[in-house]
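Grab a pencil and have the model open beside you. Here are a few exercises, each followed by a worked solution.

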Amino acid sequence: MEEFASDLMSQLESKVSFVIPIFGGIPIATSVVITWGIMLFLVILAKVMVRDLKMVPTGKQLYLEAAVGWINSFVADILGEEGRKYAPYLGTVAIYIGISNVMGVLGITPPTKDLNVTAGLAIMSIILIEYSGIRKKGAKGWLKSFAEPMPLIAPINVLEIFIRPLSLCMRLFGNVLGAFVVMELIKLIAPAIIPVVFSLYFDIFDGLIQTYVFVFLTLLFMKEKMEHE
Amino acid sequence: MEALIAVGAGIAVLTGAGAGIGIGIATSKAAEAIARQPEAKGDINKALLLGCALAEATAIYGFVIAVLIILFLK
């Protein structure tokens, strides 16, 4: 048990894969290397999928159009037609988080288990949220929106800029970490067959739900910023 | 000292009880709402998922704090 505890603890830390030997050595974390792998996979997938597109879709193009259409309509449902320009970014984030959460099934450490990755995603989200507010209402209207519904609660509205990314980041990180720890404990008790059932829930179902929740919450916050006058 | 750290981590994880009750209430109401108005299923599901995500966050914070207690006080 003691050995298992220290083993688990060592897996919780974010590891350094290799060091680039310039400027006194730049450490590259494992999560970055895995992210490069996902990027490569997605680029190749995109290249293969968009080869010889036709006006009348057949075969793989049908699936591609269904997936892209789903992301577009998901964004447009919440933000309205004008929000469609944010769909490419949100779709990219959804695909990245989805793939990295589900990767645990293959035995690869998910990059989202590294707090730095989820923090980066959350910071990009809050920048997008505030940007969408400025874009819609102008800098003045955006500043004025902090005094809504009354000037008294302006400090709370300002605090929200920091709380929202923190909660986005911690939610994703905590869920992935929690699923990882529970899976390790189950593997300790029953090394064969039984983990498969739980893996279906923790790695696939929970991972996809968290992806959906991350994008959904970003969208809702954007809508709130863009909405009230 | 070791035992006290374990007790502290255990107390931090008690936040899960609140999240469980919250999600339970939300789900029961959602089931009721869908039974009454099956045509509004999509909207109800969306609201339910949002509520669950926010309620669940408290449990996640408790868990993260528990892990941090164990990691940093060891």
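Contact here means heavy atoms within 4.5 Å. Keep in mind that this is a predicted model.

**Exercise 1. Work out how many residues of each chain take part in the contact between chain B and chain A, and how much area gets buried.**

Solution.
- Start by counting residues: 15 from chain B are in contact with 19 from chain A.
- Next, look at the area: the two chains bury about 1,500 Å² between them. Carbon and sulfur atoms carry 78% of that.
- Now ask which three residues of chain B give the most. B:K46, B:L49 and B:F63 supply 32% of the area that chain B buries against chain A, more than any other three residues.

**Exercise 2. Decide whether A:Q210 is buried or exposed, and find what A:Q210 touches.**

Solution.
- Locate the residue: A:Q210 sits in helix 7 of chain A, which runs over residues 194-227.
- Apply the cut-off: buried means under 20% relative accessible area. A:Q210 has a relative accessible area of 4%, so A:Q210 is buried.
- List the neighbours, skipping residues up to four places away in sequence: A:Q210 touches A:N101, A:R171, A:L172 and A:N175 in chain A, plus B:E56 from chain B.

**Exercise 3. Sketch the layout of chain A from its elements.**

Solution.
- Count the elements: chain A has 7 helices and 2 strands.
- Put them in order from the N terminus: α-β-β-α-α-α-α-α-α.
- Add dimensions: the C-alpha trace spans about 60 × 55 × 45 Å along its principal axes.
- Check how the chain packs: of the contacts with a separation of 6 or more, 67% join residues 24 or more positions apart. Buried residues make up 39% of the 229 in the chain.
- Finish with the surface: about 13,200 Å² is accessible, and 74% of it belongs to carbon and sulfur atoms.

**Exercise 4. Set the UniProt annotations against the predicted fold.**

Solution.
- Begin with chain A: the unreviewed UniProt entry lists "transmembrane region" for several stretches, among them residues 20-45 and 89-109.
- Read off the first stretch named: residues 20-45 of chain A are 62% helix and 19% strand, with the end C-alpha atoms 28 Å apart.
- Then residues 89-109 of chain A: 67% helix, 0% strand, and ends 24 Å apart by C-alpha atoms.
- Move to chain B: an unreviewed UniProt entry gives residues 7-69 as "domain: V-ATPase proteolipid subunit C-like". That stretch of chain B is 92% helix and 0% strand, and its end C-alpha atoms are 10 Å apart.

Definitions and conventions
Residues numbered from 1 in each chain as written. Chains lettered and ligands numbered in written order. Predicted model: local features only at pLDDT ≥ 70, side-chain atom pairs only at ≥ 80, totals over all residues. Heavy atoms only, no water. UniProt positions renumbered as here; feature names shortened; annotations may be inferred. Helix = DSSP H or I, 4+ residues; strand = E, 2+ residues; numbered from the N terminus. Buried < 20%, exposed > 50% of the residue type's maximum accessible area, 1.4 Å probe, protein only. Areas by Shrake-Rupley, 256 points an atom, 1.4 Å probe, with all protein chains shown as cover. Buried area = accessible area lost by both parts, 1.4 Å probe.
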